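This report walks through a few local features for a reader who has not seen the structure before. The sequence and the model come first.

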Amino acid sequence: MPALVLLGAQWGDEGKGKATDLLGGSVDYVVRYQGGNNAGHTVVVGDQKYALHLLPSGILSPTCTPVIGNGVVVDPSVLLSELSGLNERGVDTSKLLISGNAHIITPYNVTVDKVTERFLGKRKIGTTGRGIGPTYADKINRVGIRVQDLYDESILTQKVEAALDVKNQILTKLYNRRAIAVDQVVEELVGYAEKLAPYVADTVLVLNQALEDDKVVLFEGGQGTLLDIDHGTYPFVTSSNPTAGGACTGAGVGPTKISRVIGILKAYTTRVGAGPFPTELFDEDGDALRRIGGERGVTTGRDRRCGWFDAVIARYATRVNGLTDFFLTKLDVLTGWEQIPVCVAYEIDGRRVEELPYSQSDFHHAKPVYETLPGWSEDITKAKSFSDLPKNAQNYVKALEEMSGAPISAIGVGPGRDETIEINSFL
Ligand code: GDP
Ligand code: IMO
Ligand code: MG
């Protein structure tokens with residue numbers, strides 16, 4: 001009954017897509033449990049590069065069934081274009097299952113996301129503008145539209161009316177925008193119903209039966225621990241729970257079923273959008289990490305903010321997710337630095353603090369306390385085992401493992417499937 005959760009241990013873009021794809025060939029189901037097309041997961045297979053937003057990365061493994069769980073928010077137009085893009089490249093997507101309880105990102109949710117951000121001005125979150133926050137807000141306010149609503153036009157119309165009632169008042173009177181017509185929205189949504197019908201399923205039942213039948217299920221998180229609505233750097237977060245508990249609520253699987261929780265951890269740190277980031281670099285080291293690491297957003301094309309590895313955050317991710325393992329990615333990007341600083345604690349108002357402070361004011365004032373580790377200059381992209389790594393690279397990995405509180409079971413030394421050092425098997 002092995003059920004594994006694979007999630008981001010930092011602020012997203014840790015390399016979850018590559019890690020999921022790597023395991024995809026050995027698992028029966030890959031399940032997205034939260035978020036939507038705010039995610040951008042890059043998978044490199046041979047000379048082919050895929051950018052996935054909404055589909056689980058397991059879609060590229062022919063033996064695996066990809067599942068969009070109830071906790072995900074689905075933009076039907078994005079989903080259909082992602083599917084047809086993959087079909088054109090010869091990828092079979094017919095096994096996809098979508099929960100009938102997943103919420104739909106409607107066109108008005110996208111509008112509200114964009115106008116709200118504009119209205120916030122310099123206080124903006126820097127969202128991806130994909131309608132994620134407003135769709136989850138509608139879900140919690142109980143005026144959301146679910147995938148199953150597409151199959152009953154009368155109920156759908158009533159629900160869209162209910163959702164637009166208040167929103168149109170706000171759009172016209174506060175934001176000075178035109179009202180959105182109920183009929184137009186309903187017509188657009190009904191237009192997706194038939195195309196999505198072959199995929200819609202009771203995914204909770206399917207997944208629980210699969211676990212009873214000893215199938216291997218992998219839950220793939222979007223975003224990352226520090227972007228979690230409860231455990232992240234609120235309000236500079238996304239509107240869902242990428243942390244391990246989100247896999248249970250977002251897929252309908254009990255916590256007793258989860259056997260392993262793997263945190264994907266970049267060998268340095270990046271962040272997109274606004275919010276605190278203690279180890280952020282504004283100098284040529286930051287520019288070099290961005291350039292060598294190709295740190296540009298897959299979804300929005302924005303440059304990622306870059307900084308040194310932060311062990312305080314990694315320890316926090318271990319704690320809030322109950323991590324059993326880390327998958328350390330992008331170690332190759334650090335090749336060439338003579339010395340590599342690693343943040344081991346913070347200094348806050350003259351005090352040394354070892355753990356992530358719960359107070360937002362403290363976190364905003366946190367200054368990194370660095371320990372410097374010796375670097376390496378040898379090319380590591382061909383390394384196949386831990387012992388192939390230069391001594392200093394081995395020591396860097398061991399130091400990170402010690403500081404972060406869980407074993408590093410795999411190391412990424414390049415973007416390709418085979419550019420990975422496996423230390424402990426995940427299955
Ligand atoms: P995700 O959102 O967590 O799936 O990560 P992204 O795909 O947004 O960003 C990670 C980027 O790093 C992608 O371009 C990957 O192809 C690339 N990548 C993943 N692992 C490695 C690695 O070990 N080394 C290098 N050089 N690139 C990697
Ligand atoms: P993957 O899955 C990095 C960030 C946005 C913004 C905040 C809220 O590729 O790791 P949202 O549109 O979700 O309401 O934006 O969250 N964000 C991500 N940053 N990687 C992601 O996904 C992200 N998804 C959202 O930049 O700061
Ligand atoms: Mg990404």
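Asp325 is part of strand 15, which spans residues 325–329. The model is a predicted one. With a relative accessible area of 2%, Asp325 is buried, since buried means under 20% relative accessible area. The side chain of Asp325 makes a polar contact of 2.8 Å with the side chain of Arg260. Leaving aside residues up to four places away in sequence, Asp325 touches Arg260, Val261, Ile262, Gly263, Ala406, Pro407, Ser409 and Phe426.

Asn321 belongs to helix 10, which covers residues 311–321. The relative accessible area of Asn321 is 6%, and this residue counts as buried. Not counting residues up to four places away in sequence, Asn321 touches Leu7, Thr225, Thr243, Ala244 and Val261. Val261 is also among the residues that Asp325 touches.

**Ligand 2**

Which residues come nearest to ligand 2? Of the 20 residues around ligand 2, these are Asp13, Lys16, Thr128, Gln223 and Thr238. The table gives three distances between polar side-chain atoms and oxygen atoms of the ligand.

| Residue | Partner | Distance |
|---|---|---|
| Lys16 | oxygen atom of ligand 2 | 2.7 Å |
| Asn38 | oxygen atom of ligand 2 | 2.9 Å |
| Arg302 | oxygen atom of ligand 2 | 2.9 Å |

On its own, ligand 2 has 560 Å² of accessible area, and the protein covers 97% of that.

**Helix 6**

Helix 6 runs over residues 182–196 and has 15 residues. From its first C-alpha to its last, helix 6 reaches 21 Å, close to the 21 Å expected at 1.5 Å a residue.

Which residues of helix 6 are buried? They are Val182, Val185, Val186, Leu189, Tyr192, Ala193 and Leu196. These residues lie on the same side of helix 6 because they cover an arc of only 125 degrees around the axis. On the other side of helix 6, the residues Asp183, Gln184, Glu187, Glu194 and Lys195 are exposed.

What do the buried residues of helix 6 pack against? Their partners include three helices: helix 2 (76–88), helix 3 (107–120) and helix 5 (153–173). The buried residues of helix 6 also pack against strand 7 (97–99), strand 8 (103–104) and strand 9 (200–201).

Conventions
Residues numbered from 1 in each chain as written. Chains lettered and ligands numbered in written order. Predicted model: local features only at pLDDT ≥ 70, side-chain atom pairs only at ≥ 80, totals over all residues. Heavy atoms only, no water. Helix = DSSP H or I, 4+ residues; strand = E, 2+ residues; numbered from the N terminus. Expected span 1.5 Å × (residues − 1). Buried < 20%, exposed > 50% of the residue type's maximum accessible area, 1.4 Å probe, protein only. Arc of directions from axis to C-beta. Contact = heavy atoms within 4.5 Å. Near = heavy atom within 4 Å. Polar contact = N/O pair within 3.5 Å; in protein donor to acceptor, adjacent residues only side chain to side chain. Areas by Shrake-Rupley, 256 points an atom, 1.4 Å probe, with all protein chains shown as cover.
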